Amino acid sequence: MIKDFILNNKVDMSEHTKALALIEKSRYILIVTHVNPDPDSIGSALAISNLFHENKIKHKVFNVSDDLPQNLDFIPRFDKISNQLPAFFDLIISVDCGTYKRLGFEPDPSIPLINFDHHKSNNHFGVVNIVDPMKSSTAELVFEFFKHNGLYITKNSATALYVGIYDDTLAFSLGRCDELTFEKTNFLVECGANPSEIANKLLRRDSLAKYRIIPKVLDSLELFCEGEIASIFAKEEWFKQTGAHNRDCEDALDMIMSIAIVKIAFFVRVVNGVSRISLRSKGKIDVSKIAGEFGGGGHFNAAGCTIDMIDVEKAKDIVLKEIFEVYK
């Protein structure tokens, strides 16, 4: 039944067809996850990697850093991700890179690139662009690539895709998640993805340092416009004091967004020598426009950017001024 569903539902979508044609004629493929990769980027990349591995297609999954989120180490082939570029590759597949610079390196422009992404900020920088900002996640787009080309989804690829969809929809709680998303995840479960096991791996393996730094971050909370705008930050010294990683405090922003009166919230922390800004909103407030003012981008209700400074409180004031302009 599962095999029949995949193989008998081929849809001739030109970009999917072009992507498969490029893959089939390539000798060595580089799959690129974005800088500071999240579960959607890694899950999407590893779904494709497992497909290639199972079909003996030569490839490498690349991330510019060796600092990967270790709570994803249960996804098959996670240990194969490398920060070393191979000497030769004749095709690039980027996953979840909202802008070209999110690749983290400058590839040879003569090498064709397949661009899988769901960010509003994506400007279709590939020779093939499988881009749809209305989709819940890049993993959902990769699922459609598999399905439309009649590619068999094994348990390994199903697990990777489920992780991407689950995390990028905040456990199916965002508006981008619709009935078709649930149909796809149900299909992935039929293919072998285990929802309870995946949720436990993602949610119940926190470090002790996380619970030491989050109180400090929450204590930085400031509210503006009668509580409708909220800001938090993390100082570099707090990471040294607690031994925490910058990912250990990511949940703090979601906690702030859970406050009923808050409509816009943002979080400032230093990552790789610059202030990294994460923005969230509820309802009809487009934070991707705010991020865009600083060269960033993202989604309507979730976006990000960087400011070239290490003073997080000064960076906070700069972003706040821009939010006030939008929120008038």
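How many helices and strands does the protein have? There are 12 helices and 11 strands, and the model they come from is a predicted one. With a radius of gyration of 20 Å, close to the 20 Å that the globule rule gives for 328 residues, the protein is as compact as a globular protein of that length. Here's a quick tour of the overall picture, followed by two residues, T185 and R247.

**Overall dimensions and packing**

- If you're setting up a box, the C-alpha trace spans about 55 × 40 × 40 Å along its principal axes.
- Buried residues account for 52% of the 328 residues.
- Take the contacts with a separation of 6 or more, and 62% of them turn out to be between residues 24 or more positions apart.

**Surface and charge**

- The accessible surface adds up to about 15,200 Å², and carbon and sulfur atoms own 51% of that.
- On the charge side, the protein carries 38 positive and 45 negative side chains.
- The centres of those two sets of charges lie 2 Å apart.

**T185, in a helix**

- You'll find T185 in helix α6, which covers residues 179-190.
- Is T185 buried or exposed? Its relative accessibility is 6%, which is under the 20% cut-off, so T185 counts as buried.
- A polar atom of the T185 side chain sits 3.0 Å from the backbone oxygen of F182.
- Setting aside neighbours within four places in sequence, T185 touches Y162, I165 and F172.

**R247, in a loop**

- R247 belongs to the loop that links α9 (236-242) and α10 (251-257).
- Its relative accessibility comes out at 21%, so R247 counts as partly exposed.
- Which backbone oxygen does the side chain of R247 reach? That would be the one on D67, at 2.6 Å.
- D67 also shows up in the contact list of R247, along with P37, L68, P69 and R269, once neighbours within four places in sequence are left aside.
- R247 and D38 make a nice sequence-versus-space pair: they are 209 residues apart along the chain, yet their C-alpha atoms are 9.8 Å apart.

**Side by side**

- T185 is in a helix, while R247 is in a loop.
- T185 counts as buried at 6%, whereas R247 counts as partly exposed at 21%.
- Both side chains pair up with a backbone oxygen: T185 with that of F182 at 3.0 Å, and R247 with that of D67 at 2.6 Å.

Technical notes: Residues numbered from 1 in each chain as written. Predicted model: local features only at pLDDT ≥ 70, side-chain atom pairs only at ≥ 80, totals over all residues. Heavy atoms only, no water. Helix = DSSP H or I, 4+ residues; strand = E, 2+ residues; numbered from the N terminus. Buried < 20%, exposed > 50% of the residue type's maximum accessible area, 1.4 Å probe, protein only. Polar contact = N/O pair within 3.5 Å; in protein donor to acceptor, adjacent residues only side chain to side chain. Contact = heavy atoms within 4.5 Å. Rg over C-alpha atoms; globule rule 2.2 N^0.38 Å. Areas by Shrake-Rupley, 256 points an atom, 1.4 Å probe, with all protein chains shown as cover. Lys, Arg positive; Asp, Glu negative; His and termini not counted. Charge placed at Lys NZ, Arg CZ, Asp CG, Glu CD.
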